[in-house]
Amino acid sequence: MFLQLLINGLIAGSIYALISSGFSIIYTTNKFVHFAHGSTATVAAYFLYWTFSGLGIPIYITFPLTIFVAALFGFLIHLVIYLPLKKRKTSSVILLIASIGIMIFCDNLMQLLFGANVKILSIFPHGRGIEFLGAYITPIQIAILIIVLILFVGLWTFSKYSRLGKIMRAVADNPELAKTTGINSVRIQHWSFVIGSAIAGLAGILIALEHNIEPSMGTHLMIQGFTAAVIGGVTSLPGSIVGAYVLGLVENFGIWWLPSGYKSAIAFVLLLAFLLVRPQGIFGINKGARE
Amino acid sequence: MPLLEIKNLHAGYGELKVLTDINFELEKGKMSVLMGPNGAGKSTLLKSIFNITKITSGNIYFEHENITKLPAYKLIGKGISYVPQGKINFGILSVRDNLLMGIHRIKDANTVEKKLEEIYTQFPILKEKQKEYAFSLSGGQQQMLAIGRALMSSPKLLLMDEPSLGLSPKLVKEMFQHIKNIRDNFGTTILVVEHNLKSIMDIADEGYILVQGGVIAHDLCCNLKKSDAMKKVFVGEFD
């Protein structure tokens, strides 16, 4: 039982981390809550469903194409909706409201185009899974764990050592100063949407394989991704990933004692507890007095 | 030949008009200081040159090219660097990465390393602390880092907004020595806003006194020191 819950927790954590990490990248460079981030995963999942099940395009084309479409979707949202609002110097609250609008629009558009019923992607048939010390894990779940791990090592290396990664951290830390050092902040914000949304696209693919596709999937995920980011420290990329695993594990171990219907309640209790006790999250840096 | 020329400049923030009809020239290789009471528009003038305020009319020329409408990131390429006031470093980046941000458009590793060494020679403490987070530095070190970053792009014109702010008298002296070295060793033209008038006047070449958004006096520092306008600034008559 323990091992099964551990595996389930890690898989849930991996999926949450795919949402929270992209969300964190976008939040830190843009300083507003892009709530429609989850919808990018929904759009990606439906795009995959349409191209694979509808048009019959093979997966080695549809998988990368889906990630590309997700990145493009995020970029266009920033270019067409957020950027004109930012140019009018609107507050982050207005941007948040705009993002909720986009989220509702996307969820309903997917429902209009594909219907409200659950879609199943039968790319890899779900088997019973492999038995491992009394616990079961499916090949797709193993793939999720490995892909997510590789992605996060890559993301961490990118953020810490690459030129663009450092510039993104600089813009995240102090956008006004970034401007005075000759950094084109808008370009960097575009990049944050492209990278964050590409990760959401990957999330859409993996969730479509592991679970089912439905119009509101992204919104539910966004709530968990947001909670995970707050727990880990929303301004820290590693923090948002650790937060996702903490959330996944707490939710799954929680149902050892509580009925599984309380899973979301556990997430919210954890969110509130962190907001009250450690609002900067596990990894949020407290810079102290020297600024 | 003037490096920078400002002609009939009017600027401010949104509806708020701060600068009215500013005219002045900066000579190549000289250090000029902007003085005046709080709210006179000294910082706004620096920001206007760097195009981070709203310029309502007038023109700014750099090496005879009209740069009034160029965005800040293009001005760096032209050879202008700006050290702002307040939060002057990227706290969550290392000291080294902060310096690299000043030259982020240049990809050639040799050029970058050479430039880094140049800055480390000027400010040895930055080399010692190159791997530490910028937010952990003291006030004086923070200022050195900000100036170091501005110098990474080898600017022809360096704009500095109160580099002595929050520093102890000993550190102020040290900071001004660094600024003097930048002019003397690199031949950089410097425009600095300062409140530490006595110390800055000893090293600067020319001074401008700004009151209520307009230049009321301009002269060589040695002449300006004895002027009536300067006395008024000292006793706070314009405040």
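## Chain B and its strand β8

Chain B of this predicted model has ten helices and ten strands as its secondary structure. Its radius of gyration is 17 Å, close to the 18 Å that the globule rule gives for 239 residues, so chain B is as compact as a globular protein of that length. If you like to picture dimensions, the C-alpha atoms of chain B fill a box of roughly 50 × 40 × 35 Å along the principal axes.

How is the interior of the chain made up? Of the 239 residues in chain B, 46% are buried. Among contacts between residues at least 6 apart in sequence, 68% join residues at least 24 apart.

### A covered strand

A good place to start looking is strand β8 of chain B, residues 189-193. This strand is mostly covered, with five of its five residues buried. In a regular strand the side chains alternate between the two faces of the sheet. Which residues of β8(B) point which way? B:Thr189, B:Leu191 and B:Val193 point one way, while B:Ile190 and B:Val192 point the other way. Residues on both sides of the strand are buried.

### The neighbours of β8

Two strands of chain B pair with β8(B), as follows; each row gives the residues, the sense and the bridges.

| Strand of chain B | Residues | Sense of pairing with β8(B) | Bridges |
|---|---|---|---|
| β3 | 31-35 | parallel | four bridges |
| β7 | 157-161 | parallel | five bridges |

You can find single bridge partners on each side. On the β3 side, B:Val33 has B:Val192 of β8(B) as its bridge partner. On the β7 side, B:Asp161 has B:Val193 of β8(B) as its partner. Both of these partners are buried, and B:Val192 and B:Val193 point opposite ways from the strand.

The link from β7(B) to β8(B) also deserves a look. Together with helix α7 of chain B (residues 169-186), these two strands make a right-handed β-α-β unit.

### Where chain A meets chain B

Finally, turn to the partner chain. Here 18 residues of chain A are in contact with 22 residues of chain B. On the chain A side, the elements giving two or more residues are α6 (163-173) and α7 (175-180) of chain A. Which of them gives the most? That is α6(A), with six residues. By class, this side of chain A has five nonpolar, five polar and eight charged residues.

Key:
Residues numbered from 1 in each chain as written. Chains lettered and ligands numbered in written order. Predicted model: local features only at pLDDT ≥ 70, side-chain atom pairs only at ≥ 80, totals over all residues. Buried ≥ 20, exposed ≤ 12 C-beta atoms within 10 Å, placed from the backbone. Pairing = 2+ DSSP bridges. Right-handed = clockwise from strand over helix to strand, strands pointing away. Contact = placed C-beta atoms within 7 Å. Nonpolar A, V, L, I, M, F, W, Y, C, P; charged D, E, K, R; others polar. Rg over C-alpha atoms; globule rule 2.2 N^0.38 Å.
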